[in-house]
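Got your viewer open? Here's a walk through the model, one selection at a time.

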Amino acid sequence: MNKSTSVTKIPNSELSILNKDILLKKLSLNGVILFEKGAKDVLEFAKFVRNNSSKLSMDPARTIESGAAQLVDAGTDAVGLHCENGNSPFWPDLCWFYCQEAPPIGSQTTICDGVAVYEQLSSKAKTFFLEKDICYSRNVPEEKWKKLVCHYIPELNDINSATFEHLNEIVSETENIKLTLNEDNSIFYQFTVSALQSSLVNNKLAFANSILGPSFNYEKPRITIAGTEQPIPSEILDEISKITELNTIPIDWDDNDFVLIDNRRVMHGRYKIIDERRKIFNALSYV
């Protein structure tokens with residue numbers, strides 16, 4: 001089977017004629033845009049992200065640089081396919097990566113088009129995910145959830161001023177999240193969502209989720225069929241592992257490249273890091 005995932009490439013010379021509407025139209029083609037030599041540094045990258053997003057999101061396990069970008073530090077092991085923050089209600093529309101220093105060998109970011117995966121699923125697997133949502137549940141330490149609260153409520157400039165009530169206020173319009181405050185001030189959350197998504201950029205149904213994804217900076221989530229304590233059947237997991245692998249391709253980085261990913265269509269991961277000189281920044285935002 002030929003791999004269906006592909007990338008739209010934009011050379012640096014065309015960046016000056018892009019606006020947000022053109023950008024999103026190009027993103028709708030394949031769900032991934034590679035900007036070749038697109039930014040001379042992380043500051044320029046962060047500015048491009050801000051200029052083409054309605055608002056920014058963040059990962060509280062990482063440190064923000066230049067107002068938008070966060071250095072990716074997830075160890076050296078391979079990272080499974082996932083949508084960034086797709087196992088939480090803070091699921092951004094867009095995921096960006098900037099390569100400040102490209103690894104000379106291996107260590108590539110990987111991408112997989114969830115539209116192609118959905119089209120190739122068996123009828124049994126399609127029916128399963130159409131009929132059943134999934135639930136992610138895990139604990140998050142106090143420092144991380146309070147840091148997230150301060151991002152979404154900027155007037156709280158000290159994490160010690162962030163409260164559980166503030167967090168509940170932020171997610172108050174989200175029906176599929178349940179929060180519990182633990183005795184040690186960590187939180188336990190349960191997030192229920194479909195494994196099938198359609199994005200604001202492309203309305204085709206996509207297998208886009210974090211079922212196969214990593215947990216480097218967080219407790220490994222428990223993933224169950226929503227409303228039950230049952231895991232996703234092993235035969236379904238085996239099928240999605242095989243089909244996603246068939247549709248996964250690497251991004252071969254050069255210094256100063258950056259990538260834009262439709263985060264509700266295309267899942268991403270990473271091969272094992274062979275050369276630790278690799279330096280990648282991440283940014284998260286909304287259309």
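Before we start clicking, one cut-off: a residue counts as exposed when its relative accessible area is over 50%, as buried when that area is under 20%, and as partly exposed in between. Keep in mind, too, that you're looking at a predicted model.

**Stop 1: Asp77 and Lys272**

Select Asp77 first. Its relative accessibility is 51%, so Asp77 counts as exposed. Now add Lys272, which has a relative accessible area of 48% and is therefore partly exposed. The two side chains meet in a salt bridge, at 3.9 Å from N to O. Where do Asp77 and Lys272 sit along the chain? Asp77 is in the loop between strand 5 (69-71) and strand 6 (79-82), while Lys272 is in the loop between strand 17 (266-270) and strand 18 (279-286), so this pair ties together parts that are 195 residues apart in sequence.

**Stop 2: two more salt bridges**

The structure holds 6 salt bridges, and you've just seen one of them. For another, select Asp113 and Arg265: their side chains meet at 2.9 Å, N to O. This pair also links distant parts of the chain, with Asp113 in strand 8 (residues 109-113) and Arg265 in the loop between strand 16 (258-262) and strand 17, 152 residues apart. Are these two buried or exposed? Both Asp113 and Arg265 are buried.

Next, pick Glu142 and Lys146. They form a salt bridge as well, and their closest N and O atoms are 2.8 Å apart. Both belong to helix 5 (residues 142-152), and because they are 4 residues apart there, about one helical turn separates them. Colour them by accessibility if you can: Glu142 is partly exposed at 27%, but Lys146 is buried, with a relative accessible area of 12%.

**Stop 3: helix 4 and its two faces**

Select residues 123-131, which make up helix 4, and show the side chains of its buried residues: Ala125, Phe128 and Phe129. Turn the view until you look down the helix axis. Those buried residues fall within an arc of 85°, so they line one face of the helix. What do they pack against? Their partners are strand 12 (196-197), strand 13 (206-207), strand 14 (222-225) and helix 7 (234-246). Now spin to the face turned away from the buried side, and you'll find the exposed residues Ser123, Leu130 and Glu131.

**Stop 4: helix 1, end to end**

Jump to residues 20-30 for helix 1, where Leu23, Leu24, Leu27, Ser28 and Asn30 are buried. At the start of the helix, zoom in on Asn19: one of its side-chain oxygens reaches to within 3.1 Å of the backbone nitrogen of Asp21. Then slide along to what follows the helix, Gly31, which has a positive phi, near 85°.

**Stop 5: Asn176**

Select Asn176 in the loop between helix 6 (164-170) and strand 10 (177-181). With 27% relative accessibility, Asn176 counts as partly exposed. Which residues does Asn176 contact, leaving aside neighbours within four places in sequence? They are Gln190, Phe191, Thr192 and Val193. Look at Thr192 in particular: the side chain of Asn176 reaches its backbone oxygen at 2.7 Å. To get a sense of scale, try the distance tool from Asn176 to Leu24, back in helix 1: their C-alpha atoms are separated by 28 Å, and they are 152 residues apart along the chain.

**Stop 6: the two domains**

Zoom out and use two colours. The domain assignment gives domain 1 as 8-113 + 250-286 and domain 2 as 117-241. Their centres, taken over C-alpha atoms, are 21 Å apart. Where they meet, 34 residues of domain 1 are in contact with 33 residues of domain 2. About 2900 Å² is buried between the domains, with carbon and sulfur atoms giving 64% of it. On the domain 1 side, select Pro60, Asn87 and Phe90: these lose the most area to domain 2, together 24% of what that side buries.

What holds charges or polar groups here? The count of salt bridges between the domains is 0, whereas 12 residue pairs are in polar contact across the interface. Helix 1, strand 3 (55-57), strand 6 and strand 8 each supply at least two residues of the domain 1 side. For a last click, choose strand 6, which provides the largest share of that side, 4 residues.

Terms used: Residues numbered from 1 in each chain as written. Predicted model: local features only at pLDDT ≥ 70, side-chain atom pairs only at ≥ 80, totals over all residues. Heavy atoms only, no water. Buried < 20%, exposed > 50% of the residue type's maximum accessible area, 1.4 Å probe, protein only. Contact = heavy atoms within 4.5 Å. Polar contact = N/O pair within 3.5 Å; in protein donor to acceptor, adjacent residues only side chain to side chain. Arc of directions from axis to C-beta. Salt bridge = Lys/Arg side-chain N within 4 Å of Asp/Glu carboxyl O. Domains from an automatic or database assignment. Buried area = accessible area lost by both parts, 1.4 Å probe.
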